Amino acid sequence: MRRRKAHPARTAWLIVGGLVAFMLVLAGCGSSSSSSSSSSSSSGEGGEGLQKLGKSEGELNLISWAGYVEPEWAKPFEVKTGCKVNDKTAGTSDEMVDLMKTGQYDGVSASGNATARLVAAGEVEPVNVALVPNYKTVFPDLKNQPYNTFEGVNYGIPHGRGANLLMWNPDAVKSAPTSWDVTMDPKVAAQYKGKISQYDDPMSIAEAAVYLKFHEPSLEIENPYELNEEQFEAAVGLLKEQQPNVGEYWAEAAKQIQAFGSGDDEIGTTWQYQYFALQEEGVPVAASPASQGFLPKEGATGWSDTWMISSKAKHPNCMYMWMNYIISPQANAEVAEYFGEAPAQSLACDKTKNKNFCTEYHADNPAFWKRVYYWETPLAECGNGEEDCMDYNAWVKAWTEIKG
Amino acid sequence: MTTEGVVSKRPARRRFAGLFHGRPRLQVAALLAGPSAWLVVLYLGSLVVLLITAFWTVDALSGEVIQGFSFENIEALLNEPVYRTIVWRTVRTAILVTLTDAVIAFPIAFYMAKVASRRGKALLVIAVLMPLWSSYLVKVLAWRTMLSQDGVINWALNPLGLHGPGYGLTAVWLVLSYLWLPYMILPIYAGLERIPDSLISASEDLGAAPFTTFRRVIFPLAFPAVVAGSIFTFSLTLGDFITVRLVSNSQFIGTVIASSITNDLPFAAALALVPIVVMIAYLAVARKLGAFEHV
């Protein structure tokens with residue numbers, strides 16, 4: 001009989017041990033290479049991006065919100081520039097940041113709660129606005145804003161803006177609500193118990209903060225994205241009280257469309273995209289009408305989106321051509337009308353099919369936008385020089401806690 | 001000259017073949033190198049990476065992973081009551097789904113193995129496997145439609161004055177029990193098939209009542225198969241997040257991992273350790289119960 005040389009269990013442990021050591025070595029290598037790459041990209045700040053526009057590279061890879069890159073205006077762009085557009089839509093800002101980190105995309109239509117993160121991570125590059133001729137006629141109140149300009153350097157081209165809507169089913173909600181209290185005030189919201197639809201994202205905390213800014217002046221909330229601990233706890237507490245009344249938290253637009261269509265949800269926060277889709281399906285829905293200025297009395301959270309160029313863009317010329325194209329009067333009018341948002345390009349107002357479009361969407365009415373709080377990335381350092389605000393990580397953790 | 005070429009070629013090939021001659025260990029090693037590399041590097045390797053990642057942290061603003069050793073994520077998991085609630089909710093649902101499936105699957109598997117004709121058996125196996133042919137997502141979305149306010153369940157229950165469960169934990173329990181049922185039926189069916197009919201006859205001959213035969217003969221012999229099936233239903237429920245998201249508002253381990261993976265990868269990794277720990281405990285119990293003895 002042959003003698004057994006090794007004990008099987010010992011061999012197994014040796015393999016596992018070797019594996020752990022191997023992975024640790026790998027992890028070690030990974031750490032040194034990634035830290036060096038991040039430092040080199042962030043040191044590129046202060047640069048002005050591309051200096052001279054070259055020839056089309058023949059291709060363009062974009063990340064966008066659903067409805068921003070549609071064949072109606074992407075095809076003419078391809079014909080004009082020879083840049084073939086490959087678009088990837090994302091459902092949340094977190095997803096956009098994650099996709100940009102792969103380095104496979106040339107640009108992104110980032111909302112304000114992604115832009116600062118993308119800049120800090122060195123994923124995007126400054127934009128030389130001199131190479132984007134249509135930038136000149138963009139509405140002035142969209143230029144040099146904290147969500148697209150960092151330390152005086154432009155990091156993107158404004159695309160358009162809008163406010164998140166309060167939407168309801170008029171068959172179930174008889175008198176048109178004029179306040180967010182129908183979802184936020186526990187007493188009022190209780191009558192819609194199990195029928196409230198809430199966006200499944202930490203940005204909902206800002207929605208509660210907008211409500212508190214109006215109803216609890218003693219909290220002294222200025223900016224709903226810059227909340228100190230006391231203000232933050234108040235907003236989180238409000239949403240915890242809201243939780244039992246919520247029918248569904250939606251993260252995908254399609255999920256909310258279905259829930260309103262089937263009558264499972266009757267009132268809640270939405271985007272223009274779902275509102276129009278439901279109207280097209282013939283589902284009875286209503287949103288704050290023009291007579292209310294399209295907004296509940298507290299105002300609303302909203303977005304102002306920015307096209308940004310990746311620091312690893314393989315097709316920078318095509319990306320610059322796209323940024324100039326998407327804010328050209330014709331294309332910007334098309335995308336704004338399709339999506340249901342105010343265009344960024346002032347000259348787009350002459351090109352819309354609905355001649356009153358810009359008036360209806362307050363494109364040229366800076367006073368209206370004072371009550372719309374564009375999504376921002378919450379930071380610890382919030383204007384007063386002290387690091388006493390709750391940062392985005394705290395927002396994310398709190399959102400998990402709210403849902404319980 | 002030509003012969004030289006042939007001669008020099010042959011030994012090379014022969015030498016290679018000769019390398020394995022009389023060396024059974026080398027033969028086995030060469031045979032298993034590919035599959036085991038797959039298992040060790042891609043499968044176990046990614047688990048090790050997961051384990052390491054759980055001790056990293058992220059930069060709050062850029063979301064970039066900071067590689068350093070810290071217990072921050074593990075501490076948060078243990079100290080925040082919300083995660084305990086979520087873990088317990090997930091485990092509780094997994095236990096419920098497993099019990100439900102076992103209760104439903106056993107009679108079906110018994111009928112398939114011991115009662116049905118040869119033809120009926122084949123048809124039943126196909127019927128059990130059939131739902132696996134359609135996409136997971138299609139099935140869950142169908143349930144979502146059925147469970148909705150004006151869905152078919154409420155439509156059927158309304159004349160009786162009843163109301164369906166709607167979306168929520170009950171819906172999760174229903175849908176997951178439906179989805180994983182085949183994974184419970186098949187192992188029990190295989191386990192029951194192995195019990196010789198003569199044992200059942202012997203039990204009857206010795207005067208045991210049908211229920212006694214079941215309790216003393218069939219069930220003890222089939223129990224390891226039930227436990228084997230339960231490993232599937234339990235672990236699949238533990239990791240699910242799509243069903244949970246589509247038919248409920250509740251948070252499970254899977255949904256929290258899915259929502260933190262984009263901005264806090266290390267925390268998601270730490271959370272992913274929870275099902276691993278739970279499964280190790282479960283498998284240890286399953287081993288005690290003899291689930292691996294005849295597999």
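This note goes through a predicted model with chains A and B, taking the two chains in turn and then the contact between them.

1. Domains of chain A. The assignment splits chain A into domain 1, made of 59-161 + 304-369, and domain 2, made of 163-302 + 380-403. Each domain is therefore written as two segments under that automatic or database assignment. Taken over C-alpha atoms, the centres of domain 1 of chain A and domain 2 of chain A are separated by 26 Å.

2. Contact between the domains of chain A. Domain 1 of chain A puts 11 residues in contact with 11 residues of domain 2 of chain A. On the domain 1 side, these residues are three nonpolar, five polar and three charged.

3. Largest nonpolar core. This core contains 58 residues, and those with the most contacts inside it are A:Met96, A:Leu118, A:Met308, A:Met319, A:Trp322, A:Met323 and A:Ile326. Several elements of chain A each supply at least two residues of the core, among them strand S1 (59-64), helix H2 (71-81), helix H3 (93-100), helix H4 (112-120) and strand S13 (300-310). Helix H11 (316-326) and helix H12 (329-339) of chain A are also on that list. The largest share comes from H11(A), with eight residues.

4. One residue of that core. A:Met319 is among the residues with the most contacts inside the core. With neighbours within four places in sequence left aside, A:Met319 is in contact with A:Leu60, A:Asp106, A:Gly107, A:Ile309 and A:Ala313. Another core, of 57 residues, lies apart from the one just described; A:Val182, A:Val285, A:Leu295 and A:Val372 are among its members.

5. A sheet in chain A. Five strands make an open sheet with mixed pairing, in the order S10-S9-S11-S8-S12. Strand S10 (246-250) and strand S12 (286-287) of chain A are the edge strands, each pairing on one side only.

6. Pairing around S11(A). Strand S8 (residues 165-168) of chain A pairs with strand S11 (residues 267-270) in the antiparallel sense, over four bridges. Within this pair, A:Met167 has A:Gly268 as its bridge partner, and A:Trp168 stands opposite A:Ile267. Strand S9 (residues 196-199) of chain A runs parallel to S11(A) and is joined to it by two bridges. There the bridge partner of A:Ile196 is A:Ile267. A:Ile267 thus appears opposite A:Trp168 and also as the partner of A:Ile196.

7. Overall form of chain B. Chain B has 13 helices and two strands. Its radius of gyration is 26 Å, whereas a compact globule of 295 residues would be near 19 Å. The C-alpha trace of chain B spans about 95 × 75 × 40 Å along its principal axes. Of the 295 residues in chain B, 31% are buried. Among contacts in chain B between residues at least 6 apart in sequence, 70% join residues at least 24 apart.

8. Domains of chain B. Domain 1 covers 2-53 and domain 2 covers 72-288. The C-alpha centres of these two domains of chain B are 41 Å apart.

9. B:Phe232. This residue belongs to helix H10 (residues 210-239) of chain B. B:Phe232 has 17 other C-beta atoms within 10 Å and is therefore partly exposed, because a buried residue needs 20 or more and an exposed one has 12 or fewer. Not counting residues up to four places away in sequence, B:Phe232 touches B:Trp180, B:Tyr183 and B:Met184. B:Pro182 is 50 residues from B:Phe232 in sequence, with a C-alpha to C-alpha separation of 9.9 Å.

10. Contact between chains A and B. The contact takes 31 residues from chain A and 26 residues from chain B. On the chain B side, helix H2 (24-53), helix H4 (81-115) and helix H12 (253-260) each supply at least two residues. H2(B) gives the most, with six residues. By class, the chain B side divides into 10 nonpolar, 13 polar and three charged residues.

How values were computed
Residues numbered from 1 in each chain as written. Chains lettered and ligands numbered in written order. Predicted model: local features only at pLDDT ≥ 70, side-chain atom pairs only at ≥ 80, totals over all residues. Contact = placed C-beta atoms within 7 Å. Nonpolar A, V, L, I, M, F, W, Y, C, P; charged D, E, K, R; others polar. Rg over C-alpha atoms; globule rule 2.2 N^0.38 Å. Pairing = 2+ DSSP bridges. Core = buried A, V, L, I, M, F, W, Y, C linked by C-beta atoms within 7 Å.
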